Amino acid sequence: MKIAFVGKGGSGKTTLSSLFIRHLVAVGAPVVAVDADINQHLGAALGLDDAEAAGLPAMGDRLPSIKDYLRGSNPRIASAETMIKTTPPGQGSRLLRVRENNPVYDACARPVKLDGGTARLMVTGPFTDADLGVACYHSKTGAVELFLNHLVDGPHEYVVVDMTAGSDSFASGMFTRFDITFLVAEPTRKGVSVYRQYKEYAQDYGVALKVVGNKVQGQDDLDFLRAEVGDDLLVAVGHSDWVRAMEKGRPSAFEHLEEADRDSLRTLQATADVTYHRRDWERYTRQMIHFHLKNASTWGNARTGADLAAQVDPGFVLGEGFAATA
Ligand SMILES: Nc1ncnc2c1ncn2[C@@H]1O[C@H](COP(=O)(O)OP(=O)(O)O)[C@@H](O)[C@H]1O
Ligand SMILES: [Mg+2]
């Protein structure tokens, strides 16, 4: 299952992603955690110290080799140079799974020990001004999009992406890559306006969107969120002393997280799990082609000097029937 946490900066995306990842690992689920947030803090939120976090390999730096591996022997993709972030897999492409070892994980993922097990962590790498807005060919999140578009994931295995709700994710189609999107919103007008904007994009593409209220203090906050987002409000998380202690560098065992928050995390997992029956690999493939053609005509063809529409393999549908090709 592919799950995104989005929202305004400072709303608590990274905090809630990290708690959800800890929860999944604690219940024994396989997890790939991906930091695609503009502020790269997921490693720290998962307990890595500064040196460990700084030592994580950046997916953005490894784009050429990721592309080379994923295109495999696909005859429609002549070279890594003509592969853009939206280039869809086809016959001959190499596909990825959550539970396996592959060269992409070898290059980009590092194990992070958590209570009860280990998560694989991948990070896009730090964003610069040049990455914002104009991010096309060298897009940092492009590596994540390629990963998601070549991933054949099943139930009870999880890819959790901590992600900025920026224009890049809307232009590329990244926002359509998830079984469910958790929009983290504080009970403020700004928090709610990010929700409205996201909802508008999401509606046209059948994106499952739920709001996770954060830093909710008392009934008035809850009433506000309920009035603004209605039934899209899934859970409301309050101030957590466990999170605060962790921020002070005094982490305690995950089992000591406040019971109400543990309950919210169980609800998030249950909500993600029930979206599995809505899986539609044909639609998933169709949407990636839609956004690929859009990116090809707006900048990709010009940038690569190739007709990128020809990369689409009309007979190919990504899905669980495929075995990973080594
Ligand atoms: N439920 C919470 N309880 C206590 N502190 C929180 C909570 N949610 C977020 N914070 C704190 O708020 C700050 C911003 O959260 P963060 O997860 O980094 O936001 P984002 O990733 O959306 O920018 C951090 O210092 C974090 O520890
Ligand atoms: Mg963050």
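**Figure 1. Residue classes in the shell around ligand 1 of this predicted model.** Polar residues number 12 in this shell. Another 5 residues are charged, and 2 are nonpolar. The shell thus labelled comprises 19 residues around ligand 1. Gly12, Lys13, Thr14, Thr15 and Ser240 come nearest to the ligand. Two elements give two or more residues each to the shell: α1 (13–26) and α10 (241–247).

**Figure 2. The annotated span, residues 7–72.** An unreviewed UniProt entry places the feature "domain: CobQ/CobB/MinD/ParA nucleotide binding" here. Helix makes up 48% of the span, and strand makes up 11%. The C-alpha atoms at the two ends of the span lie 35 Å apart.

**Figure 3. The open sheet of 8 strands.** The strand order is β3-β4-β2-β5-β1-β6-β7-β8. Pairing across the sheet is mixed. β3 (109–114) and β8 (233–236) are the edge strands, and each pairs on one side only. From one strand to the next, the twist averages 25 degrees.

**Figure 4. Strands β1 and β6, with helix α8 lying across them.** β1 covers residues 2–7, and β6 covers residues 180–185. The two strands pair in the parallel sense over 5 bridges. Phenylalanine 5 stands opposite phenylalanine 182 in β6. Helix α8 (residues 189–203) lies across β1, β6 and β7 (209–213). The helix runs at about 160 degrees to β6.

**Figure 5. The hairpin of β3 and β4.** The two strands run antiparallel and are joined by 6 bridges. Strand β4 spans residues 117–123. Arginine 110 stands opposite leucine 121 in β4. In a regular strand, side chains alternate between the two faces of the sheet. Between the strands of the hairpin lie 2 residues. Glycine 116 takes a positive phi near 95 degrees in this hairpin.

**Figure 6. Helix α9 and the glycine that follows.** α9 runs over residues 218–229 and has 12 residues. From its first C-alpha to its last, the helix reaches 17 Å. That is close to the 16 Å expected at 1.5 Å a residue. Which residue follows α9? Glycine 230 does, with a positive phi near 60 degrees.

Note on methods:
Residues numbered from 1 in each chain as written. Chains lettered and ligands numbered in written order. Predicted model: local features only at pLDDT ≥ 70, side-chain atom pairs only at ≥ 80, totals over all residues. Near = placed C-beta within 6 Å. Helix = DSSP H or I, 4+ residues; strand = E, 2+ residues; numbered from the N terminus. Nonpolar A, V, L, I, M, F, W, Y, C, P; charged D, E, K, R; others polar. UniProt positions renumbered as here; feature names shortened; annotations may be inferred. Pairing = 2+ DSSP bridges. Axes fitted to C-alpha atoms, helices over the stretch in contact; angles between N-to-C directions. Contact = placed C-beta atoms within 7 Å. Expected span 1.5 Å × (residues − 1).
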